[in-house]
Amino acid sequence: MRESWQERFAETPDVLLGARRQRTSVPVLDFAIGGDEFIIMAGPCSVETESQLMATARHVRRAGARVLRGGAFKPRSSPYAFQGLGPEGLKLLAAAREETGLAVVTEVMSECDVPLVAGYADILQIGSRSMENYTLLEAAARSGKPILLKRGMVATIADLLRSAQLILDNGNPNVILCERGIRTFETTMRNTFDAASIALLKQVTHLPVIADPSHAAGYRDLVPGLARIGIAAGADGLLVEVHPSPDEAWSDGEQSLDFEEFDAMMAALEPWIGLRGMALHDDELEQRELAGLRPAEAVG
Ligand code: PEP
Ligand code: MN
């Protein structure tokens, strides 16, 4: 008999969906991630200016987003690229939350910055390049803030689960996994969107899973299609880059949607989000069976 997923991922028992473990729903401000509501996180790649951030926050809020994203500390592919506004960016994010009621997710890159970033953010983002930085993960976990853990671009699903397990081990149950594309031989797109990982993670773990079609695609015209795939694969929400004027963005402009494109995507996703709601409840039993829980375990 083939080994069960439970056996395959036995090294990280606390992240696995088991007979006695309920799905994790992460409380943030006045809502939850990983519950019935499909959560949209949207905003610019980087916080640039007050007007850029406020205009985006107001717009995505009106379109139904719950979380404002925006990097103040930016990990970049080039050391000469814009590295983020730092503390100034964090203040702008907090001001946007104040005005719009959106929660704030922003990346923390160094364990030294955890107290600073946790002082402003509602969710700490661990970037793809930092997924295996265990010192950072421990510090972020201990802040007590929910953690959006992005999959490393060359990390396996088991690697991702190990990092999640480390956060749980450090006393923080509020981990949100994020699939943002991985590196493969295919170079046409920025990354290869691993939709199967979303389906698998939803089957084997109790943690919420967010799809990031922006970094996965690298090109804005592909973002709505990948978003749809993410929903169909079982994601609990999306992380999408939006900018008032993507061609002038200081980072990741090519994959950022303008306001009109974001609205069009949201309208097109509506029926898919509705289908997801219907499927959620029916799926629960089947999912547990597929997760490799043997009948004896499943009944208790
Ligand atoms: C980002 O969210 O802007 C980002 C840098 O993402 P990743 O770590 O997935 O590259
Ligand atoms: Mn980005």
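**Strand β3, its neighbours and the salt bridges of the predicted model**

In strand β10, Glu241 is the bridge partner of Gly43. The structure described here is a predicted model, and this pairing belongs to the contact between β3 and β10, two strands that run parallel and are joined by five bridges. Strand β3 comprises residues 39-43, while β10 comprises residues 237-241. Strand β3 also pairs with β4, again in the parallel sense, over two bridges. In this second pairing, Met41 stands opposite Val67 of β4. Strands β3 and β4, together with helix α2, make up a β-α-β unit, and the unit is right-handed. Helix α2 spans residues 50-62 and β4 spans residues 67-69.

The surroundings of β3 were then examined. Five of the five residues of this strand are buried, so β3 is largely enclosed by the rest of the structure. In a regular strand, side chains alternate between the two faces of the sheet. In β3, Ile39, Met41 and Gly43 point one way, whereas Ile40 and Ala42 point the other way, and all of these residues are buried.

A search of the whole structure for salt bridges finds 15. One of them is formed by the side chains of Asp30 and Arg66, with an N to O distance of 3.8 Å. Asp30 lies in the loop between β1 (26-28) and β2 (31-33), and Arg66 in the loop between α2 and β4, so this salt bridge ties together parts that are 36 residues apart in sequence. Asp30 counts as exposed because its relative accessibility is 61%, above the 50% limit. Arg66, with a relative accessible area of 22%, is partly exposed.

Arg66 also forms a salt bridge with Glu37, where the closest N and O atoms are 2.8 Å apart. This pair likewise links distant parts of the chain, since Arg66 is in the loop between α2 and β4 and Glu37 is in the loop between β2 and β3, 29 residues apart. Glu37 has a relative accessible area of 32% and is partly exposed. Arg66 thus has salt bridges to Asp30 and to Glu37.

A further salt bridge joins Lys202 and Asp236, with 2.8 Å between the closest N and O atoms. Lys202 lies in helix α7 (residues 195-204) and Asp236 in the loop between α9 and β10, so the pair ties together parts that are 34 residues apart in sequence. Lys202 counts as buried because its relative accessibility is 10%, under the 20% limit. Asp236 is buried as well, with a relative accessible area of 2%. Elsewhere, Glu11, Asp159 and Arg162 are joined into one network by salt bridges that share partners.

A nonpolar patch was identified on the surface. Met189, Tyr219 and Leu222 form this patch, and together they have about 220 Å² of accessible area. Leu222 is located in the loop between α8 (213-217) and α9 (223-233). With a relative accessibility of 31%, Leu222 counts as partly exposed.

Key
Residues are numbered from 1 along each chain as its sequence is written. Chains are lettered from A and ligands numbered from 1 in the order in which they are written. This is a predicted model: local features need pLDDT of at least 70, side-chain atom pairs count only at pLDDT 80 or more; totals for chains, interfaces and linings use all residues. Side-chain values use heavy atoms; hydrogens and water are left out. Patches are made of residues with over 30% relative accessible area and no salt bridge: like charges are joined within 9 Å, nonpolar side chains (Val, Leu, Ile, Met, Phe, Trp, Tyr) within 5 Å. Accessible areas come from the Shrake-Rupley method with a 1.4 Å probe; for residues, only the protein chains shown count as cover. A salt bridge is a side-chain nitrogen of Lys or Arg within 4 Å of a carboxyl oxygen of Asp or Glu. Helices (H or I, at least four residues) and strands (E, at least two) are DSSP runs, numbered from the N terminus. Buried means under 20% relative accessible area, exposed over 50%, partly exposed in between (1.4 Å probe, protein chains only). Two strands pair if DSSP finds at least two bridges between them. A crossover is right-handed if, with the strands pointing away from the viewer, the path from the first strand over the helix to the second runs clockwise.
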